Amino acid sequence: PLVNAAELVKAAHKGHYCIGAFNTNNLEWTRAILAGAQELNVPVIIQTSMGAAKYMGGYEFCQTMIEATVKAMGITVPVVIHLDHGNYEAAKEAIAAGYNSVMFDGHDLDFEDNLEKTKEIVKLAHAKGISVEAEVGSIGGEEDGVIGEGELADVEEAKTLAATGIDFLAAGIGNIHGQYPDNWKGLHFDRLQELNDAVKMPLVLHGGSGIPQEQVQKAITMGISKLNINTECQLAFAKATREYIEAGKDQQGKGFDPRKMLKPGTDAITDTFKEITGWIGNKPVK
Ligand code: G3H
Ligand code: ZN
């Protein structure tokens with residue numbers, strides 16, 4: 001069933017575990033993620049960036065496609081369709097399209113503007129039972145054209161944003177989208193502790209791909225309740241697809257059957273989902 005993310009993420013925060021939020025790009029990715037969640041019997045957040053939604057044909061298309069896939073696959077675990085890093089217009093469009101959850105990412109606005117727009121999105125979303133994620137500070141690197149400086153979240157600003165009624169908060173704590181550079185300093189645990197003490201609400205760790213497991217697990221004990229993963233699935237998909245083609249295995253399908261060519265990559269996404277879900281401790285549903 002489709003649900004909003006509020007209760008799931010709050011339960012994870014209380015229980016010191018974490019729900020994986022995986023980005024999708026198309027039908028295969030959606031199926032791969034849902035298959036992993038169903039196999040492990042865990043709740044899952046499937047998210048689309050603005051770029052991925054545009055690629056797939058818009059928010060209504062994404063919502064309809066994911067909902068139809070959930071139904072057709074007979075998925076019984078809770079599934080959230082979430083907008084990842086939406087600007088103001090995108091958040092409103094995703095709400096209108098029937099997403100269960102939206103992130104309004106106002107990191108590039110003045111804080112006052114971020115605050116005002118977050119309040120408006122909370123009002124619109126909550127009226128329809130849709131959960132809301134906001135962002136304070138910024139995530140370094142780039143994801144689908146969303147660029148951040150990696151500015152650490154300010155504790156007072158975090159408190160102010162948390163008071164708008166949002167359901168969970170993404171905070172910059174040294175995390176970066178995409179691959180981590182060799183000289184990366186690691187997560188800022190002191191700031192995470194201060195934020196968790198100050199806001200007392202579920203926190204979201206973006207840029208989840210490539211952070212050492214021990215750091216993510218430590219962060220989970222300190223309030224991180226939603227872990228965003230995108231790049232890791234892209235790497236797994238690309239590697240499996242490349243190996244399949246380079247090994248000449250596609251020749252059996254005469255080299256051009258898309259259903260055969262997409263299978264190794266799709267399976268690799270399911271494997272990646274299962275592996276990460278295992279070590280972040282996402283709890284099976286009863
Ligand atoms: O919003 C999505 C995530 O923050 C993904 O980050 O590509 O580094 O896993 P990642
Ligand atoms: Zn992100």
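A residue is buried if 20 or more other C-beta atoms lie within 10 Å of its own. The views below are taken from a predicted model.

**View 1. Strand 5 is covered on both of its faces.** Six of the six residues of strand 5 (residues 131–136) are buried. In a regular strand the side chains alternate between the two faces of the sheet. One side of strand 5 carries Ser131, Glu133 and Glu135, the other Val132, Ala134 and Val136, and every one of these residues is buried.

**View 2. Strand 4 pairs with strand 5.** The pairing of strand 4 (residues 101–104) with strand 5 is parallel and runs over four bridges. Within this pair, Phe104 is placed opposite Ala134 of strand 5.

**View 3. Asp105 and Glu135 form a annotated pair of positions.** An unreviewed UniProt entry lists Asp105 and Glu135 under "binding site". The two span 31 residues in sequence, yet their C-alpha atoms are no more than 5.4 Å apart, so they gather at one spot. Asp105 sits in the loop between strand 4 and helix 6 (111–127), while Glu135 belongs to strand 5. Asp105 counts as buried because it has 28 C-beta neighbours inside 10 Å. Glu135 is buried as well, with 25 other C-beta atoms within 10 Å. Not counting residues up to four places away in sequence, Asp105 touches His85, Gly86, Asn87, Glu135 and Val146. On the same basis of counting, the contacts of Glu135 are Asp105, Gly106, His107 and Ala170.

**View 4. His85, His177 and His206 are listed under "binding site".** The listing comes from an unreviewed UniProt entry. These histidines span 122 residues in sequence, yet no two of their C-alpha atoms are more than 11.7 Å apart, so they gather at one spot. His85 lies in strand 3 (residues 79–86), whereas His177 is in the loop between strand 8 (168–171) and helix 8 (189–199).

**View 5. The surroundings of His85 include Asp105.** His85 has 28 C-beta neighbours inside 10 Å and therefore counts as buried. Beyond four places in sequence, the residues touched by His85 are Ser49, Met50, Met103, Asp105, Glu143 and Val146. Val146 is also among the contacts of Asp105.

**View 6. The surroundings of His177 include His206.** For His177 the count is 24 C-beta neighbours inside 10 Å, so this residue is buried. Leaving aside neighbours within four places in sequence, His177 is in contact with Ile139, Gly140, Gly141, Glu142, Glu143, His206 and Gly207. Glu143 also appears among the contacts of His85.

**View 7. Helix 10 packs against helix 11.** The angle between helix 10 (residues 231–246) and helix 11 (residues 258–280) is about 145 degrees, and their axes are 8 Å apart. The crossing of helix 10 past helix 11 is right-handed. Helix 10 contributes Glu232, Cys233, Ala236, Phe237, Lys239, Ala240, Thr241 and Tyr244 to the contact. From helix 11 come Met261, Pro264, Gly265, Asp267, Ala268, Ile269, Asp271, Thr272 and Ile276. Of the residues in this contact, 10 are nonpolar, three polar and four charged.

Key:
Residues are numbered from 1 along each chain as its sequence is written. Chains are lettered from A and ligands numbered from 1 in the order in which they are written. This is a predicted model: local features need pLDDT of at least 70, side-chain atom pairs count only at pLDDT 80 or more; totals for chains, interfaces and linings use all residues. Axes are lines fitted to C-alpha atoms, for helices over the stretch in contact, and angles run from 0 to 180 degrees between N-to-C directions. Helices (H or I, at least four residues) and strands (E, at least two) are DSSP runs, numbered from the N terminus. A crossing is left-handed if the near helix is turned anticlockwise from the far one by less than a right angle, and right-handed if clockwise. Two residues are in contact if their C-beta atoms, placed from the backbone, lie within 7 Å. Ala, Val, Leu, Ile, Met, Phe, Trp, Tyr, Cys and Pro count as nonpolar, Asp, Glu, Lys and Arg as charged, and the others, Gly among them, as polar. UniProt positions are given in the numbering used here, feature names are shortened, and annotations may be inferred rather than shown by experiment. A residue is buried if 20 or more other C-beta atoms lie within 10 Å of its own, exposed if 12 or fewer, and partly exposed in between; C-beta atoms are placed from the backbone. Two strands pair if DSSP finds at least two bridges between them.
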